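I opened this model to record its overall make-up and the arrangement of its sheet. My entries follow in the order in which I looked things up.

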Amino acid sequence: MARRQYYGRGYGHRSRSASLEAALQHIEDARVLSKELGGTDRDVKEYFFSLPQNQLTPLLAEYGRIYGSSAKNYAEKTIPKWRSGYTQMSGTVAERLFKLLPPRMPLNKKYELVGNLWKNLGPKSNVVFTVGYDTPTDHVVDAITTHTDEVIKSFVIPENLENRFKWISAGDVGIRQQLLNHMQNLERQLVLQGVRLQVPKMQEHLSSIEGQHTKSATQEFKVGNHAIRLEFEKEHEGISKGSIRKPSRSISGSSDSGFGWVIWLIVGIAVLYFLG
């Protein structure tokens, strides 16, 4: 009896050790996968779970061909539970399944999955331009576009974003370059549209009857990861790029009139009146 109890304990110990090793392996696989995907796998899982059956079937067939029919059957049976969150997908299974996704993924989805990280990890800048009142809008747009191109060109892709590029392109250098070009062009267009929307409003105000008495005005706006400050000066000619500044808390368009001292005078008189 004692010997059977001894073996029973030994078996239980080995069983717990095996379970612990398996759990640790799943954790390590999840960590490796997260690194390969660029630091997050949530958006990739959402894409996987959104696949229609006609796209899911061939992917699972390939999964079964590589990892065996039992693995395929388990995945087919468990997908509804993974999708609902009732069961967590292990790092090992996720790594295997997600490696099969990129070759089957349409280009617009690849853009979307890279874009999610680009928004957080892409190039950033804070810049100020001094602009003369008579400077044409196109000149302002050209100056800001040139600045944006310089920022994008000098941008060093961080490891997380680089890993997402590698995973999406599945080793295809051409696709990787295509994805990078798309993100860079998207960045340029985003800034360009923002500038074309914001600058004419301020210039229209400065050319109005009210704006003629304004010696200087500022406008700040944020486009993507770029904070842009325009300082309009009546005596300034053309447009010049100034030192990099931290963006102010307010990023909405604003103007500062040269009659600020009048406002303070009125406030002072009101305070004296109420005190009297």
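Entry 1, surface. Accessible area here comes from the Shrake-Rupley method with a 1.4 Å probe. The model is a predicted one. On that basis I noted that the protein exposes about 17200 Å², and that carbon and sulfur atoms supply 56% of this area. I then looked up burial: 35% of the 276 residues count as buried.

Entry 2, elements. I found 10 helices and four strands in the protein. Read from the N terminus, their succession is α-α-α-α-α-α-β-α-α-α-β-β-β-α. I also checked contacts between residues at least 6 apart in sequence, and 75% of them join residues at least 24 apart.

Entry 3, the sheet. In what order do the four strands of the open sheet lie? I read the order as β2-β3-β1-β4, with mixed pairing. β2 (216-223) and β4 (239-241) are the edge strands; each has a single partner strand, so one side of each lacks a neighbour in the sheet. On average, neighbouring strands are turned by 20° against each other, direction ignored.

Entry 4, one strand pair. I followed β2 to β3 (residues 226-233): the two pair in the antiparallel sense over eight bridges. Among the residues involved, S216 has E233 of β3 as its bridge partner.

Entry 5, helices on the sheet. I noted that helix α9 (residues 173-206) packs on the sheet and touches β2 and β3. The direction of α9 makes about 155° with that of β2. Helix α7 (residues 137-153) lies across β1 (125-132), β3 and β4, and I recorded that α7 runs at about 155° to β1.

Notes. Residues are numbered from 1 along each chain as its sequence is written. This is a predicted model: local features need pLDDT of at least 70, side-chain atom pairs count only at pLDDT 80 or more; totals for chains, interfaces and linings use all residues. Side-chain values use heavy atoms; hydrogens and water are left out. Two strands pair if DSSP finds at least two bridges between them. Axes are lines fitted to C-alpha atoms, for helices over the stretch in contact, and angles run from 0 to 180 degrees between N-to-C directions. Contact means heavy atoms within 4.5 Å. Buried means under 20% relative accessible area, exposed over 50%, partly exposed in between (1.4 Å probe, protein chains only).
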